[in-house]
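Visitor: I have a structure open and want a quick tour of it. Can we start with one residue and work outwards?

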Amino acid sequence: MRDLLKRARPDRFEDLIALVALYRPGPMDLIPDFVDRKHGRQRVEYLDPRLETILGPTYGVMVYQEQVMQIAQVIGAYTLGGADLLRRAMGKKLPEEMAQHRGIFVAGAMKNGVNERRANELFSLMEKFAGYGFNKSHAAAYALVAYQTEYFKAHYPAAFTAANMSAVMDDTDKVQLFALDARAHDIEILPPDINQSGFRFEPVGEKTVRYGLGGIKGTGESAIQSVLEARTEGPFVDLFDFCRRVDKRLVNRRVIESLVRAGAFDVLSDHRASLMATVGVALGSAEQASRMAHQESLFGELADTAAATALVDVPRWSEKERLQNEKLALGYYFSGHLFDIYRDEVRRFIRLRLAELASATGDFAGRSYWVAGIILGFRVQTTASGRMGVIQLADDSGRFEIVAFREVFEKHRHKLREDELLVLEVRLRAPRMRATNGEGEGGQDYGA
């Protein structure tokens, strides 16, 4: 579709509606004619002058079901109700009904001054297009939403990205897709920050988005709202200060550990392993401070709270451990990618990136390729021929699903471990366009 938009260079809303209707199995064959006629490289001709008012907006190309109905009314002397029956018959491709309608159309066209040969020619053309015609009202709704959202994305990229990420914050896979798209368009996604982030994703300027604390798994809205309420008194100074100020009935150990894994406390200390090891101590210290508040000994309170403000001394997480913990909290690797650890070595003998494989056309079908990536997960599917594995693989360019069939899957299943590197040979299947009945949408299906 992006390639089509570059070729068509739409300059009016009517063009967007037509492109939505054309970009489906069947009418895709008409796209070159539409583009060439729009830009004057091909002459626009009509079988009858009266068709110009109907087909003019689409440069003489029959695109919509409504156009078929209008032609039946204007040329074939159909009523609007009869034209709708004709549209349905064409969509269902029923031979007997089509023969009856051909007779009705030709007779009506002849009464309107069209000779029998031209009337039959026009009906055959209508029959061909109506079989996969798209209703304009449906295409217009799609085009309007597409135009509006693209306008916001072009002129308010950070706000648009933040709104989209907030709308899907419970689905980490979708959050990651928006994050990848943002980075591809030079929009910076700032990490979650316990002193800066809100519940939702928020724009910071025109090209920057701050991660929302609500997008961290294992937290929940009530817990995060409690954190934000405590923060109104001022920024948190350290983990101990945080644990003293939040409502422990809502912000429990699991919530705090999720925030640590996500990097939300990095602004206070970048030693995540130490923060994680200190959570229990900090909660205990906060509990003790709460008890001391009810006692009269001010000296004892000061002594006890001062004694427990140091982080537990433990080794730092390795890069792999840090990314794995980010994935637990955010659903994906945020500050880097596990593949980066192996990239230099892997790229010496495997040049093909997964994004290139995912965008390969039918010309690459049947060929074998060596690929490498980190296993994000896999699932087992049972088919009539036995069990097969569907492996989610990711490298620094994107993700791809690999299907391992029965013998290969059973033989190598022990190698499938999440967050581990996998190198394998794959064969790309041809993309399959799904046919439609004129009411639905088409699509593509890739496998390997």
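**Thr172 and outwards**

Guide: Thr172 counts as buried because its relative accessibility is 14%, where buried means under 20% relative accessible area, exposed over 50% and partly exposed in between, with a 1.4 Å probe and protein chains only. The model is predicted, so local features need pLDDT of at least 70, side-chain atom pairs count only at pLDDT 80 or more, and totals for chains, interfaces and linings use all residues. Residues are numbered from 1 along each chain as its sequence is written, and side-chain values use heavy atoms, with hydrogens and water left out.

Visitor: Which helix does Thr172 lie in, and what is Thr172 in contact with?

Guide: Thr172 belongs to helix α11, residues 172-184. Helices (H or I, at least four residues) and strands (E, at least two) are DSSP runs, numbered from the N terminus. Leaving aside neighbours within four places in sequence, Thr172 is in contact (heavy atoms within 4.5 Å) with Lys217, Leu330, Gly331 and Tyr332.

Visitor: What about pockets? What volume does the second largest one have?

Guide: About 870 Å³. On a 1 Å grid over the protein atoms alone, a pocket is an open set of points where a 1.4 Å probe fits, with protein on both sides within 12 Å along at least five of seven lines; lining residues have an atom within 4 Å of a point. The volume is the space filled by probe spheres set on the points, which are joined across faces, edges and corners.

Visitor: Which residues are closest to its centre?

Guide: Of the 36 lining residues, Gln176, Leu180, Leu376, Gly398 and Arg399 are the closest to the centre of the second largest pocket. Helix α11 supplies the largest share of that lining, seven residues.

Visitor: How does the lining of the second largest pocket divide by residue type?

Guide: Into 14 nonpolar, 11 polar and 11 charged. Here Ala, Val, Leu, Ile, Met, Phe, Trp, Tyr, Cys and Pro count as nonpolar, Asp, Glu, Lys and Arg as charged, and the others, Gly among them, as polar.

Visitor: Switching topic: how many residues are in the largest nonpolar core?

Guide: It has 46 residues, and Phe242, Ile256, Leu259 and Phe265 have the most contacts inside it. A nonpolar core is a set of buried Ala, Val, Leu, Ile, Met, Phe, Trp, Tyr and Cys residues joined through side-chain atoms within 4.5 Å. Helix α15 gives the most to this largest core, with six residues.

Visitor: And Leu259, what does Leu259 touch?

Guide: Not counting residues up to four places away in sequence, its partners include Ile194, Leu213, Phe242 and Phe265. A second, separate core has 44 residues, including Leu16 and Met90.

Visitor: Back to α14. Why is α14 described as largely enclosed?

Guide: Seven of the 10 residues of α14 are buried, so the rest of the structure largely encloses it. Among the buried ones are Ile256, Glu257 and Leu259, and their cover includes α12, α13, α15 and α17.

Visitor: What caps its N-terminal end?

Guide: Asn252 does, with a side-chain oxygen 3.2 Å from the backbone nitrogen of Arg254. Just after α14, Gly263 takes a positive phi of about 90°.

Visitor: Last one: where does Arg427 lie, and what polar contact does its side chain make?

Guide: Arg427 lies in strand β7, residues 421-427. Its side chain makes a polar contact with the side chain of Ser368 at 3.4 Å. Such a contact is a pair of N or O atoms within 3.5 Å; within protein, one must be able to donate a hydrogen and the other to accept it, and residues adjacent in sequence count only if both atoms are side-chain atoms.
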